[in-house]
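Work through the exercises below with the structure in view. Each task is followed by a solution in steps.

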Amino acid sequence: MKSNASLGKNAEETGHYLGASVRWDPLTENEKYESLLVEEFSSVTVENEMKMDAAHPAPEEYNFQKADEIVQAAEQNNMKVRGHPLVWGEALPEWVYETVVDEQSAREVLKDHVQTMAGHYRGRVNEWDVVNEAWNDDGSYRETIWLEHIGPEYIPLAFEWAREAAPEAKLYYNDYGNEMTNEKTEAMFAALKRWKDEGVPIDGIGMQTHIDAADPRFSKEKMQKNLRRWGAEGFETAVTELDVKLQNLDASREERLEKQADIYADVTSACMEEPSCKGLTVWGVGDTESWITEQEAASGEPLLFDSSWEAKPAYERIKRTFIFNQML
């Protein structure tokens, strides 16, 4: 047992990683952000700087500078790197909508982007979110420029192109709302299993796991059931964008933080107890730079460290969960 060790070190003792998504601005400007990242986590996901609008601003232009600096920081501190995402229907530069007008142009643009990004980071990015958020909640395909011009085949094509460019990397499909069984998960499971059975190199399933503490639908048991089902078909799994927002929970702040800690512990336990689950990534280092704080409410307080960079009850609960699993 290593009660004084970091979250990342305790996760590693169980054979898992504990990561955080990272943004370039606070990494280069905020010493507390950088020190907490390096001290407490064993993996980084590049939160924004590998998205197409940031990394591929013009048809013949790639901008790797900021993503490179994040990857270099991870390498200097012996941290695992997750790339995010190669293919998404959002965060696209305007030139894509001007250039992609039919199936041929869509395939050419998408293949170039996937293979340039994956090739640039070959041997440096351990896992890629190859395709992100391709299904709607009702199980239909999400309308994107790639679906419009290529059809659903853009999904297996992206995995094949990524494998060619980065044969050593683990290739994941990533989505939200898929940590439990529902219409989206059922449609996703059927399609991804079929493609995997046909030889498409889909290694893993990323479960974003953005949780509202006031939502009664989540449970550890439901999540474990879903993890087990993916694992039975030969997929790795990972919790890729974990946060637990509090603004909709009608309770005192102390009670809200305890509920948040319970959920973080349940998600961690679900992953630790299922062999398919390789690790967890929290979507941000502290509340200040969380997307929930920026887009929804400062009272969301979704992460492990508060606006003063102090650890919340969820921090200790996760650590205790790791330590408990070291003893098993």
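**Exercise 1.** Find the residue of β6 that stands opposite Asn132, then describe how β5 and β6 pair.

Solution. In this predicted model, the residue opposite Asn132 is Asn174 in β6. Next, take the two strands as a whole: β5 and β6 run parallel, and five bridges join them.

**Exercise 2.** Which strand holds the bridge partner of Tyr172, and in what sense does that strand pair with β6?

Solution. Tyr172 has Gly204 as its bridge partner, and Gly204 is in β7. Strand β7 covers residues 204–207 and pairs with β6 in the parallel sense, over four bridges. Then add the helix: β6, α10 (residues 183–197) and β7 form a β-α-β unit, which is right-handed.

**Exercise 3.** Why can strand β6 be called largely enclosed?

Solution. Strand β6 consists of residues 170–175, six residues in total. Of these, five are buried, so the rest of the structure largely encloses the strand.

**Exercise 4.** Locate Glu133 and decide what its side chain interacts with.

Solution. Start with the position: Glu133 is in the loop that links β5 (127–132) to α8 (145–150). Now test for a salt bridge. The cut-off is 4 Å, whereas Arg142, the nearest side chain of opposite charge, is 5.0 Å away. Glu133 is therefore without a salt bridge, although it is buried. Turn to polar contacts: the side chains of Glu133 and Gln208 are joined by one of 3.0 Å. Finally, beyond four places in sequence, the residues in contact with Glu133 include Trp88, Tyr173, Asn174 and Gln208.

Terms used. Residues are numbered from 1 along each chain as its sequence is written. This is a predicted model: local features need pLDDT of at least 70, side-chain atom pairs count only at pLDDT 80 or more; totals for chains, interfaces and linings use all residues. Side-chain values use heavy atoms; hydrogens and water are left out. Buried means under 20% relative accessible area, exposed over 50%, partly exposed in between (1.4 Å probe, protein chains only). Lys and Arg count as positive and Asp and Glu as negative; His and the chain ends are not counted. A polar contact is a pair of N or O atoms within 3.5 Å; within protein, one must be able to donate a hydrogen and the other to accept it, and residues adjacent in sequence count only if both atoms are side-chain atoms. Contact means heavy atoms within 4.5 Å. Two strands pair if DSSP finds at least two bridges between them. A crossover is right-handed if, with the strands pointing away from the viewer, the path from the first strand over the helix to the second runs clockwise.
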